[in-house]
Structure formats: structure tokens, C-alpha cells
Amino acid sequence: MPDAHDKNYLNTLLKTPSPNFTAKEIKKFANKLYGLTGKLSPLDSERDQNSRLITKKRGEFVIKIANSAEDLGIIDMQIKALEHIALTNPDLPVPRVMRSLKKLTIEQIQAENGTKHYIRVLTYLQGTPPKDNPTEQALLRPIGERLAQLTLALRGFFHPKANYEILWDLKHTSKLRQYLSHVTDPDHHKLVNYFIDRFDQNVLPEIPKLRAQILHNDLTPDNIVVSEHDPGDIVGIIDFGDMTHTLIIIDLATTIASMVREHKAPVNVAVEIISEYHKLIPLETAELRTLYDLIAARLVMLNVIAVWRVTLHPENRAYITGGVEETWGTLKAWRALDPVEVTRRFFRACGYWEFDEGKPQQEKVRETRQTHLLRRNRLLGSCAYLFYDHPLHITRGEGAWLYDIDGNRYLDAYNNVAHVGHSHPHVVNAITKQAHKLNTSTRYMHGLILELAERITAKMPDTLSVCMFVCTGSEANELAWQMSQLASGNHGALVTQYAYHGSSAATMQFSPESISQYSLPTHVQTLLAPTSDTTFQKPNSGLDDAISALDEQGHKPAMLLLDTSFVSDGVYTSPKGYLNTLFTKTRAAGGLFVADEVQGGFGRFGQHFWGFKFDEVIPDIVTMGKPMGNGHPIAAVVTRPEIAETLAKKTGYFNTFGGNPVSCAAALAVLEVIEKEDLQRNALEVGQYLKEQLDILRNDYPMIGDIHGTGLLQGIDIIKPDGAPDPKLADRLMNRMREKGVLIGTTGEHYSILKIRPPIVFQNEHADILLAALKNAMDGENQIN
């Protein structure tokens, strides 16, 4: 009997012709052995003979007749694996094993020539094969998820035949050399040798070090079926014929290789699959380092085996060589890539750095848009207002993109909180890993809070050396207000005319954007923000008048609180001398200077890491907010030791979860991303490109007034023909751009300024999309007028 451990087993199996029973014979076996009758039709197979049987009452089945050279133990392993999966993950859509009338899972039959074959019956899985282009976006993440689920379901499975040698196992890539004489094209021969050499050098020595188990080893579009109504819903996993004990990274490489064929962006395809797989089975960096070469090895294997086998079975040429030419093209494209850069992309998809180491979620019940809005208003109240005339229902984000409940994507040029991009894998990984370990009160010691404080204060002037952590920007500014009063002995506050500094009871007083200036308490007075990025006239700030107004109310300034990006005033950059003059006068009047860096800090300006750096001034206190954690609830106050000591002596301060371990891990990850991806430079260069293109656009559209701000924080004045602000037009443009898939906001005294404030991973190509949407919106207005 065939034995899979025989050294000639593999060659014998691949050389032996497939079974060739007639339909009449197969129906006879089905009835005699399993009591099944019905309509029979053939199914494709490489080395077995498969048929579909449709019965009238018992459902549909697959009848599998094994190659005569197939080892019984291998068939038994495949059957027991299916039974194991049914126990460990009953929801996985794999075939169920049918027993014969004798209660056996495997029966034996005999051909007329005396050749014996094993026969088994499985349930038939309803669905449809993936479309002709199986690499469409809808299938990428689901196939990564299904592969990981299948791997987990097989994790505890073992079979004595599992370690047999099958050529389709990429561990044996080196043995392909014996078939290279069949690769007759010189360029193809050279290409194959190149990748096999890379395998021998980069993968072979690592195999003993990497995780292995019994695996499917062939989860490709040919071996799945999807829902007829959803191309991304995998409703069936079939063909366990290549199952073996191998590396889990080989299993993943096999799937990826099948999906990158003919694709113009193969690395993007791989990253999508890897990202989803990694959510369930975190990949190790050593595994990721082999992945580029393993994907290539699989592509090489497909073609080398195909050109060899067609010489053995020329009658089956069409089936054997299907896709060979496309695979050669993919191999050439893969060869043209930089392996280091590809591996770097793989690392980043998993949240790793090479130096250190979605499918959108659908709601269980889809409610109508109106029902959702009514429920939201009932549960959250009327204060929880939404953006845009047609509010968005966002379900996931990635990089500079947001996706709504229907899968539509929107370029996010508004949200500064996701500072280094939505769901950045390095930040997500850091949060996840720390959440697995510990998250607790700041009453206990932990190292991450100290590491984060060191990293932040290292980017500050030397005198600002004490860091205190809170959860929000509002808390940070409220703590700065408390410090300022205690340190100065005064109780007055100075802010710009339309500033926003928070939503707490205290910080709302410093936010004229949120409340009328006429409703401000008497201890808060306002001054003018700079309305030009390049000039500053000292008498125009209004600071002297504001200080005098405080004095008339019996107050002296405790602090001058400035958003260094002046976002709510209209988005401006401090011109030379502005901050210095204001700081000097405030100090002379007895107050402290507080730099609010919530919106502009952490490299967004491009030119500087902090907004106060635009002038030769050192604040007394610096505040920052949730962008430092990419949206995770962490914020900070940095100040001089003597100010912190005054707070400690007079009142003390404690924040239960400000600076908790998970939030600190998120913030540290953000700093690492900014540094490793050089995002401050990116903000500078992309911001310059955006401003240059906006200047060009302004020549053709008189509704565009001044353009101001810097880096990836810019404002565009929208004006009437007479130069007056046009808030209604600005609002219409914002909503038109939303309809075209680009999200921005409005700001300023009249809300007539378009606010551009994207995650700082924003690229030139994103800027081009934004510019096209803005042009389209303005063209729409011109057509109306």
C-alpha cells in the first residue's frame, strides 16, 4: 500500500493519473456504500476525482475518490482534521464528514482494471466561487481572518502522518531545483534561480526556529466559496488535500501568493491580509522577515510544478497551466520590489518596527438613519450635535481615511485627534499589549509614565522639566489655570477673542468660541489673535486694553492662555514678535504665559514641534491633549519645578487615571511613530505643497481669500465679491466636499474659514484629492450662480 513516508511517494503520487470512473459507476458506489442517490456532476481536481451529488431529500454532497497512489493515513488525517474543527470551532464553514452505511468515514472501491481507490463523502458547501478577479478588495481582509480562524481551530490537532513530505509545502522549496530543466525560457529560469537562492539563504536556516503545526496549506480563492450577495463573505473552506505539518507563516504566504497574482499593488494586498490575520494570531518578527521570500517561493513553486506536471499529463494541460503566464508576470513584479521596504511594510502592518522588533464591523441590527438619529437624540441629548447637513455614521478608520457603515470611504482632513492616522497599527499594538498586562491607578509606580515624561520634557526648553498627566485637554488647561492662580496670586485670565480651551466649567470661561464674549465673567478678558502669518503690529493686539479691563474689575492677570495655532480664531501662525511681546507684557502685569499645544503640538506645524517655538519665548506652562495618544484619553501639563512645587504645597493634585499604563503606552507609541516615520518633516513638506496648490487655485476662484496657517493646519478665507466673509458659502463648500468624500470644517469669527487639519500622515496624493474636491465644490457654486 502507498506510504507517505516512502522517499518516492511524492513523485509516484504526482505522476499517477487521476481516477477516471464513469458517472454511472460513481452513482453506484454512492448508493451501495452510502445509500445516496441523485444527480451527479463532475468537479475540478488536481489528482483525485471529485463529483457533486444532489439528492432530493438529504441535501448535497461531494464524493471524493482518491488517487490510487494516495496514502490511506493522509486521507485519514484530512478527515480527522475536519472532525476536530467541528469540535473546536463549529461556526467555521468547512465540510462535515459523512459516514457510510457501515459507519465508516473511508470506504474502498476497485476499478475495472483492478486498481483500488479510497472513497469518502463530505457535505457540499453552498456558495459561489470568487469572481474572476479574486484579488478584489472585498476578499482580502476576510481571507486573512478565515485563515487565522482555521489555524486556531487546528492548533491542538495532531496526526502521526502529519510530517510527511509534500512538494507543495514551502519548506521543500530547495527541491524544486530538480525540475528546473522543464523551465525552458532563459528569463524565467534566471528568475526562478534567484528566488530559490534567496530561499536557501534567508528562509532555510530559520525554519527550525519558527512556529509550526498542522495546517490547511492551500487556502486560496480556488478553495473557498463566497456568498452570492457578498463577495467578501467566505461561506465555505474546501479541499484539505495539501494539509501537512508546516510553518504558520508558510500557510499565510501560500494564501497571500494566491491573492497577489495579477494585482497592480501586490504589497498592499499582502498588508491587508496580514493586518487581519495578525488581529487573531499576532505574528512574530522573525516570521515576518521570511515572508517576502516565502511569497516568492510559492509563486515559483506554482509554475515550476506546473511546467513539470504538464509533461507527465499533457491531456490535462489546460487545467495544470491555468494562470502560469500571469504568475510569471507577478514574479517579475515581485522581483522589482525592494525586499527591505516590503518587509518594513509588513512590520508596520503588525505594529512592529524592524529596529525593535477592515472589513467594517456591521451592526447586528441595521436601523434606518432616521431611527438612529432619533435614538441618539433620546439617549445623548440635543447637545451631542453632529457635523454636516447629512451626518456620517463612521464604523472604522485607517490612516487618513474614514469608512461609513455602508463601506464608503472619506478622506479625513479634519480630525487632529488621530494625530498619526486612524488605527495606526503601532499604536494599536502598543495599547493592546499593555492592556493585556496592566492598567491601574496612578497611585502605583510604573515605568511607562516616567519614560513618557522624559520623552516629552526632552522636547521642551530645559526649564520646563516637570510633567503632570491628566486625561483631556480640558483637564490640562484647568490644571494650568489652577497653577497660574497659585503661582501668581492673581485671578484674571487673558485669551484671544474666539479661542477654545475646553469644555469644563472652568475652561468654558476661557472659550469665547463657545459662549458670547458678552457672557464672559469679569475675570476673563480678550485680545486679538494675529490675522497674518507674517506681520505683527504691536498696538493691534489689544493686550493693553485687556489688562486694563481686568484692572477695572479688580483683577490682575494670572495667566495669558494662547492656543499657539489659533484654530478657533481662524488658524494663524504666530508672526515674529507676537508671542514675545504678549509674554513680556503679561509677565510685567504679574501673569504667567500658558501655551495650549492641544491642536498644534507634536509636529503638526512642520517647522517646529511646538507652536511657541515660532518666537523666542519660553512659556511658564505648556498643555497638550488627546492627539498625544492618537485619541486615547491622555493629556499633559509641563511646567517649571517651582510652579509644580507651589501646587503641591498649597493644594496638591491627583488624577486617578491621568498617565495610566495603557494611555502612556499609546502616547509613547505616537512619539515613536512621529520619529520613525519622520512625520514632522512630512507635515512641513505636504503642508507647503498644499499651500502652493491652494495659491494656484486662488487665481481662478475669487471666492478664495487669504490662506493662512502652516504645516498640516491651514485656514482658507471664503469671501464675497466685496471681500466680506461669506459663512454661508463656506458651509456649502464644506458640505459639498463631504458629499465628494472629503471631510473638512469651518472656523473663525463668522465660521467663514475652511479648516484643514488632517492626521499628519497626510500625503501629497491626499492633498490632490482634497484640492480636486474643493475645486469641484466651487465649480458647483459657480454653476448655480
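1. Let's start with Val571, which in this predicted model lies in the loop that runs from strand E17 (557-563) to helix H18 (578-588). Its phi is near 75 degrees, a positive value in a residue other than glycine. Val571 is also buried, at a relative accessible area of 1%. As background for a second look, most residues other than glycine have a negative phi.

2. Tyr388 deserves a similar glance. This residue belongs to the loop between helix H12 (369-380) and strand E11 (394-398), and its phi, near 75 degrees, is positive too. With a relative accessible area of 12%, Tyr388 is buried, because the cut-off for that class is under 20%.

3. On to the rings: there are 15 aromatic pairs. One of them joins Phe387 and Tyr388 edge-to-face, with 6.0 Å from centre to centre and 65 degrees between the planes. Phe387 is partly exposed, its relative accessible area being 41%, whereas Tyr388 is buried.

4. Phe602 and Trp610 make another edge-to-face pair, at 4.9 Å between centres and 70 degrees between planes. Here Phe602 is buried at 3% relative accessibility, and Trp610 is buried at 0%.

5. Do have a look at the cluster in which ring pairs link Tyr194, Phe195, Tyr292 and Trp334. Tyr194 has a charged partner as well: the charged end of Arg335 sits over its ring, 3.7 Å from the centre.

6. Finally, a further arginine to view: Arg396 lies over the face of Tyr403, 4.0 Å from the ring centre.

Methods. Residues are numbered from 1 along each chain as its sequence is written. This is a predicted model: local features need pLDDT of at least 70, side-chain atom pairs count only at pLDDT 80 or more; totals for chains, interfaces and linings use all residues. Side-chain values use heavy atoms; hydrogens and water are left out. Helices (H or I, at least four residues) and strands (E, at least two) are DSSP runs, numbered from the N terminus. Buried means under 20% relative accessible area, exposed over 50%, partly exposed in between (1.4 Å probe, protein chains only). Rings of Phe, Tyr and Trp (its six-membered ring) pair if their centres lie within 6.5 Å; planes under 30 degrees apart count as stacked, over 60 as edge-to-face and the rest as tilted. A charge sits over a ring if NZ of Lys or CZ of Arg is within 6 Å of the ring centre and within 35 degrees of the ring normal.
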